Amino acid sequence: MMRVDRRSTRFAVLLALGLTCSIAWAHEETGQAAGFLTGLVHPISGLDHVLAMVAVGLWGVVLGAPAIWVLPVAFPLVMAFGGLMGLLGFPLPGVEIGIALSAIVLGAMVLFEARPPLWVAALVVAFFAIFHGHAHGRELPEGTSALLYSLGFVIATGLLHGFGILLGVAHRWPIGRQFVRTGGVAIALGGIFFLWRAVT
Amino acid sequence: MLGALNSAPAHAHLVQTGFGAFYDGLAHVALTPADLLVVIALALLAGQRGTQAARWALFAFPAAWLAGGALGAWIPAEATLPLLTTLTFGIAGALVATDVKLRATVVGVFAIVAGLLHGYVNGATMAPGGAGALALAGAVTAVFCLLAIVSSQVTTLRAAWTRIAVRVAGSWIAAAGVLMLGWLARA
Amino acid sequence: MIRAGRFLLALVALLATLAPAPLPAHELQPGFLELREVGPGRFEVLWKQPLVGGARMQIAPIFPESCRQVGEVRTERVEIAWLSTTRIECAQGLAEKTIAIDGLDAYSTDVLVRVQHADGAVETLVAKPVQPAVTLRGANDAQRGLWAYLYLGIEHILLGLDHLLFVLGLLLIVRDRWTLVKTVTAFTVAHSITLAVATFGVAQVASAPLNAAIALSILFLGPEIVRTWRGQTSFTIRHPWVVAFVFGLLHGFGFASGLAALGLPQGEIPLALLLFNVGVEIGQLAFVLLVILLERSFRILQIHWPQIVERLPGYAVGTLGAFWTIQRVAILLRAVV
């Protein structure tokens with residue numbers, strides 16, 4: 001049966017208005033994902049940080065137990081306190097120089113296979129962790145979730161750390177040991193380059 | 001006619017999966033970072049402390065969440081209490097990282113406090129979005145399932161490096177919490 | 001295989017039954033808006049309003065400002081819906097324009113919006129009560145619209161409590177891992193076969209007897225679960241995959257009626273069917289995985305449920321199966337008489 005029934009069909013050709021709610025919502029979602037990704041990518045964006053973090057992992061392997069597991073557990077926490085200092089506005093002079101110096105020191109430790117007492121090693125690493133957190137912890141892009149950004153930042157740092165430890169597994173074999181020490185040299189040289197760039 | 005569209009509630013916190021209220025509540029937990037982190041941190045903590053602690057947490061936490069959520073839906077507050085929720089997952093993460101030998105009952109008490117708090121915020125934020133008992137049931141189901149699966153897996157970990165991996169994960173959660181505290185202080 | 005603690009699933013099942021929506025008759029009854037570009041900026045409009053309790057669903061499409069209606073609106077009552085046709089002219093075309101469905105937030109259903117552009121490209125979008133507007137993408141990346149069917153497949157299984165309960169019943173009977181794999185595979189293959197057969201129109205099953213039969217398949221599992229509790233055995237318990245296959249054929253027809261209600265367009269049927277089916281499998285596997293992981297967790301944590309709690313999921317399968325069987329047989333009889 002076919003019939004024309006104009007009034008009851010409510011077949012209206014009207015303005016499409018007032019959809020801002022749903023659109024704003026869609027935006028928030030992408031903002032969250034973007035916050036996590038930005039945090040994740042952030043530590044990788046600066047080569048000086050990458051070098052120093054891989055060095056922490058390598059040195060952990062050189063030091064052996066218990067340092068190899070104390071460092072990955074303690075490092076994120078110390079780094080977060082560095083970030084907290086930055087967020088609360090405590091000034092930390094010479095951040096770039098500090099990071100470059102830590103790359104040099106950590107690289108040298110790997111090269112010479114230095115095995116100082118655990119507390120000395122922890123202090124050296126904590127020094128770097130504070131600078132690292134201070135420099136990177138507070139660069140949040142507009143409109144992104146601070147918590148997800150922080151989480152992404154911490155996870156990326158931890159993964160770089162783990163990458164260093166994985167490389168360091170080669171340390172068990174004689175050839176691998178030379179490889180690890182060469183890595184230390186490369187990191188120290190990179191640190192010198194960044195120090196030169198930071199000073200000039 | 002268009003008024004209906006304009007007056008649609010601002011879905012600030014209730015996630016819309018399109019699959020109905022139950023799944024919306026489920027997704028809300030999965031997509032609220034502080035909630036997800038506290039569930040994972042507590043699961044790691046409970047698993048780390050053994051099966052008895054895990055059993056305690058598994059029943060105490062969702063029950064407290066349910067009670068808190070009902071309270072939040074009943075007396076909705078504008079506040080999302082970010083400082084307190086950050087503290088709970090941060091402390092849970094720190095306890096995992098330090099591997100403190102807590103007793104099972106202490107884990108249970110912690111689960112009750114954290115569950116009440118996060119459940120309350122959960123209920124209070126979901127209620128204005130039009131979520132009812134079904135959304136809360138979805139949220140509690142998500143919490144229960146995630147807690148059961150993760151904590152039981154952690155109790156089976158024996159190799160030294162896997163125990164370390166759990167502690168590292170706890171340290172990450174705690175670190176994110178510390179940074180978050182900094183953001184909250186600045187805002 | 002699933003012995004200890006199935007309490008949670010029963011809880012889910014019970015909560016879902018308490019939901020205000022009429023869950024048992026869970027056939028998707030979405031609206032459908034089809035726009036075919038017949039000339040530059042000119043579109044043939046087909047608008048389907050489903051029936052709610054015998055009355056027409058009070059929803060209407062809202063087109064962009066630059067569009068105007070040309071020609072008559074013709075409306076006719078078909079089997080389960082009202083169909084309206086007309087023609088609109090949009091000065092700026094419809095690419096990147098927004099179409100809203102007015103009144104949709106009062107219902108718990110979707111509206112499928114399908115646009116066929118002049119160059120033959122087709123896009124399919126879903127308007128939902130929580131987001132009653134869709135924005136067309138234009139002709140360039142229109143194929144992405146087909147992903148809507150994947151989403152609809154997942155939605156269909158996650159809200160299809162009867163299908164999930166049947167799968168749960170099977171899981172409660174299955175004793176070991178290998179049987180589990182065989183059973184889930186058999187169910188998947190069987191319902192994929194009938195889903196395809198029905199969608200391509202090779203065979204059709206009337207919806208009332210089909211629903212009754214699906215309900216019966218759930219009820220059938222109840223006594224079998226009780227047999228496993230008593231340590232007895234039966235053909236079903238020894239070969240659950242055979243039962244999964246036979247009843248899977250039925251459930252496939254059920255999925256097909258859901259897909260048919262979405263208004264599948266000619267020409268893109270195979271791909272849409274595939275995506276819908278994949279969506280159903282994703283939802284189903286997620287459910288199976290969740291049940292298995294939970295069961296494993298309860299075993300590891302050595303949780304000993306009281307017997308009544310442990311048997312709750314079994315009772316849920318049997319009771320709801322019986323309830324739906326009675327309800328759907330009553331509907332069937334009413335239709336016959």
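# Chat about a three-chain model: pairs, cores and helices

Me: Asp99(B), is that one buried or exposed?
Reply: Asp99(B) is buried, at 18% relative accessible area. The cut-offs: buried is under 20% relative accessible area, exposed is over 50%, and partly exposed is in between, with a 1.4 Å probe and protein chains only.

Me: Before I go on, what kind of model is this, and how is it numbered?
Reply: It's a predicted model, where local features need pLDDT of at least 70 and side-chain atom pairs count only at pLDDT 80 or more, while totals for chains, interfaces and linings use all residues. Residues are numbered from 1 along each chain as its sequence is written, chains are lettered from A and ligands numbered from 1 in the order in which they are written, and side-chain values use heavy atoms, leaving out hydrogens and water.

Me: Back to Asp99(B). Which residue does it form a salt bridge with?
Reply: Lys101(B), with the closest N and O atoms 3.9 Å apart. A salt bridge here is a side-chain nitrogen of Lys or Arg within 4 Å of a carboxyl oxygen of Asp or Glu. Lys101(B) is exposed, at 64% relative accessibility.

Me: And which residues are linked with them in a network?
Reply: Arg49(B), Asp99(B) and Lys101(B) make up a network of salt bridges.

Me: How many salt bridges over all chains?
Reply: Nine, from a search of the whole structure. One of them pairs Arg177(A) with Glu113(A), and there the closest N and O atoms are 3.0 Å apart.

Me: Where do Arg177(A) and Glu113(A) lie?
Reply: Arg177(A) is in helix H7 (residues 174-199) of chain A, and Glu113(A) is in the loop between helix H4 (95-111) and helix H5 (118-136), so the pair ties together parts that are 64 residues apart in sequence. Helices (H or I, at least four residues) and strands (E, at least two) are DSSP runs numbered from the N terminus. Glu113(A) is buried at 11%, whereas Arg177(A) is partly exposed at 38%.

Me: What's in chain A, helices and strands?
Reply: Seven helices and zero strands, giving the pattern α-α-α-α-α-α-α along the sequence. Of its 200 residues, 49% count as buried. Among chain A contacts (heavy atoms within 4.5 Å) between residues at least 6 apart in sequence, 84% join residues at least 24 apart.

Me: Got it. Switching to cores: how many residues in the largest nonpolar one?
Reply: It has 103 residues, and Phe61(B) and Trp65(B) have the most contacts inside it. By nonpolar core I mean buried Ala, Val, Leu, Ile, Met, Phe, Trp, Tyr and Cys residues joined through side-chain atoms within 4.5 Å.

Me: What does Phe61(B) touch?
Reply: Not counting residues up to four places away in sequence, Phe61(B) touches Val38(B), Val39(B), Leu42(B), Ala111(B), Ala114(B), Gly115(B), Val143(B) and Leu147(B). Apart from that core lies another of 59 residues, including Phe22(B), Tyr23(B), Phe255(C) and Val291(C).

Me: On to chain C. Which cysteines does a disulfide join?
Reply: Cys67(C) and Cys90(C), S to S 2.0 Å, where a disulfide means cysteine sulfur atoms within 2.5 Å. The count is one over all chains. The link is right-handed, with 105 degrees about the S-S bond. Cys67(C) lies in strand S5 (residues 67-77) and Cys90(C) in strand S6 (residues 81-90) of chain C, so the pair ties together parts that are 23 residues apart in sequence. Cys67(C) is buried at 5%, and Cys90(C) is buried at 4%.

Me: Where does H9(C) bend?
Reply: At Pro313(C), by about 40 degrees; the bend is the angle between axes fitted to the seven residues ending there and the seven starting there. Helix H9 (residues 307-336) has 30 residues and reaches 43 Å from first C-alpha to last, close to the 44 Å expected. That expected span is 1.5 Å times one less than the number of residues. Pro313(C) is buried, as are Trp324(C) and Arg328(C) among others in H9(C).

Me: And H3(C), how many of its residues are buried?
Reply: 13 of the 13, so H3(C) is largely enclosed by the rest of the structure.

Me: Last one: which residue pairs with Arg299(C)?
Reply: Glu295(C), with the closest N and O atoms 3.4 Å apart. Both sit in helix H8 (residues 269-300) of chain C, four residues apart, about one turn of the helix. Glu295(C) is buried at 4%, while Arg299(C) is partly exposed at 46%.
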